[in-house]
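Here are a few notes for when you have the model open. Take them in any order you like, with the viewer at hand.

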Amino acid sequence: MPKLVGYFMRVLMLNYSDWGGGAAIAARRLQQGLLTRGIDTQMLVRRRTRNDGALLSGNQWTAGFVQRARFVLDKMPLALYPRRDRTPFSSQWLPDRLAHKINSWRPDLVHVHWIGHGYMHPSTLARLKAPIIWTLHDVWPFTGGCHVNLSCSRFQAHCGACPRLGSNRQRDLSQTAWRRKWKAWHARDMTLVAPSTWIADCARKCSIFQDSRIEVIPNGLDILRFQPTDRQEARARLNLPLDKKLVLFAGASRFQLPHKGFDLLKTALSGSQAARTFRNHVELI
């Protein structure tokens with residue numbers, strides 16, 4: 001594939017929302033970087049929260065109603081699996097009319113980001129005319145619907161008997177969704193971008209993308225805004241203790257989800273000696 005800068009002049013990015021969540025933030029930062037390089041870049045979203053000329057969606061009220069309806073309808077098949085765990089799962093069974101909308105914008109490149117919560121049907125990507133780059137923000141693109149596979153490797157073959165769904169049946173929702181993706185994507189020429197080597201290795205092991213080009217490219221940052229500074233000065237500005245080690249726990253709003261790891265942190269701090277050490281020498285952020 002030719003170099004992006006200087007060749008593709010019209011880029012359309014696809015993401016479920018315009019802000020909120022790691023994928024949306026990473027996508028917007030990339031979009032802003034491309035715009036500063038003079039590349040015409042738009043983002044097509046289902047959930048729009050900001051008034052921005054670089055964002056595309058339908059009428060704000062109508063788009064909001066449709067987004068909420070698709071979110072609820074996409075979850076309906078999960079009612080058949082009462083023993084499923086609380087990790088995110090997107091079925092993506094709803095049809096949509098996005099292919100015509102995207103093709104009519106005539107992009108030179110479509111850059112896919114996070115498209116869960118019923119954003120689009122897998123067959124939609126197969127009908128796009130422009131080249132596709134897909135940044136893997138989680139494992140959903142190559143699983144039967146889960147966004148977090150934990151220790152499961154069933155996605156490498158064809159899913160089924162999904163532990164996230166609490167299913168014992170081989171032909172379950174996960175296998176149906178996986179086969180839907182395989183049918184739509186295994187012959188579609190895509191370039192996958194993995195922010196980490198781990199998720200790149202996972203994608204390479206899945207037969208859906210076994211013939212796809214996969215590149216490891218970390219998420220970008222504006223280095224004029226995010227750059228090292230004096231630590232003590234930074235702590236003082238953020239009202240953080242100057243004499244303790246700081247431990248940052250991310251995902252604090254999702255304590256109940258096992259893949260966020262709060263249970264491990266809680267266990268590590270449960271001993272009396274650990275608690276004393278933490279209280280005297282460490283601050284949890």
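1. Start at the surface. Keep in mind that this is a predicted model. Leu 73, Met 76 and Trp 93 make up a nonpolar surface patch, and together they have about 280 Å² of accessible area.

2. Trp 93 from that patch sits in the loop between helix 2 and helix 3. Its relative accessible area is 35%, so Trp 93 counts as partly exposed, the class between under 20% and over 50%.

3. Gln 92 is in that loop too, between helix 2 (60-75) and helix 3 (98-105). Is Gln 92 buried or exposed? Its relative accessibility is 1%, so Gln 92 is buried. Have a look at its backbone as well: phi is near 55°, a positive value in a residue other than glycine. Most residues other than glycine have a negative phi.

4. His 117 is another residue to check, with a positive phi near 60° although it is not a glycine. You'll find His 117 in the loop between strand 4 (109-112) and helix 4 (122-126).

5. Now for helix 1, residues 22-36. With 15 residues at 1.5 Å each, the expected span is 21 Å, and the end C-alpha atoms are 21 Å apart, so the two agree. Just after helix 1 comes Gly 38, with a positive phi of about 80°.

6. Which residues of helix 1 are buried? They are Ala 23, Ala 24, Ala 26, Ala 27, Arg 28, Gln 31 and Leu 34. The buried residues of helix 1 pack against strand 1 (10-17), strand 2 (40-47) and strand 3 (55-56).

Key
Residues numbered from 1 in each chain as written. Predicted model: local features only at pLDDT ≥ 70, side-chain atom pairs only at ≥ 80, totals over all residues. Heavy atoms only, no water. Helix = DSSP H or I, 4+ residues; strand = E, 2+ residues; numbered from the N terminus. Expected span 1.5 Å × (residues − 1). Buried < 20%, exposed > 50% of the residue type's maximum accessible area, 1.4 Å probe, protein only. Contact = heavy atoms within 4.5 Å. Patch = residues over 30% accessible without salt bridge, like charges linked within 9 Å, V, L, I, M, F, W, Y side chains within 5 Å. Areas by Shrake-Rupley, 256 points an atom, 1.4 Å probe, with all protein chains shown as cover. Salt bridge = Lys/Arg side-chain N within 4 Å of Asp/Glu carboxyl O.
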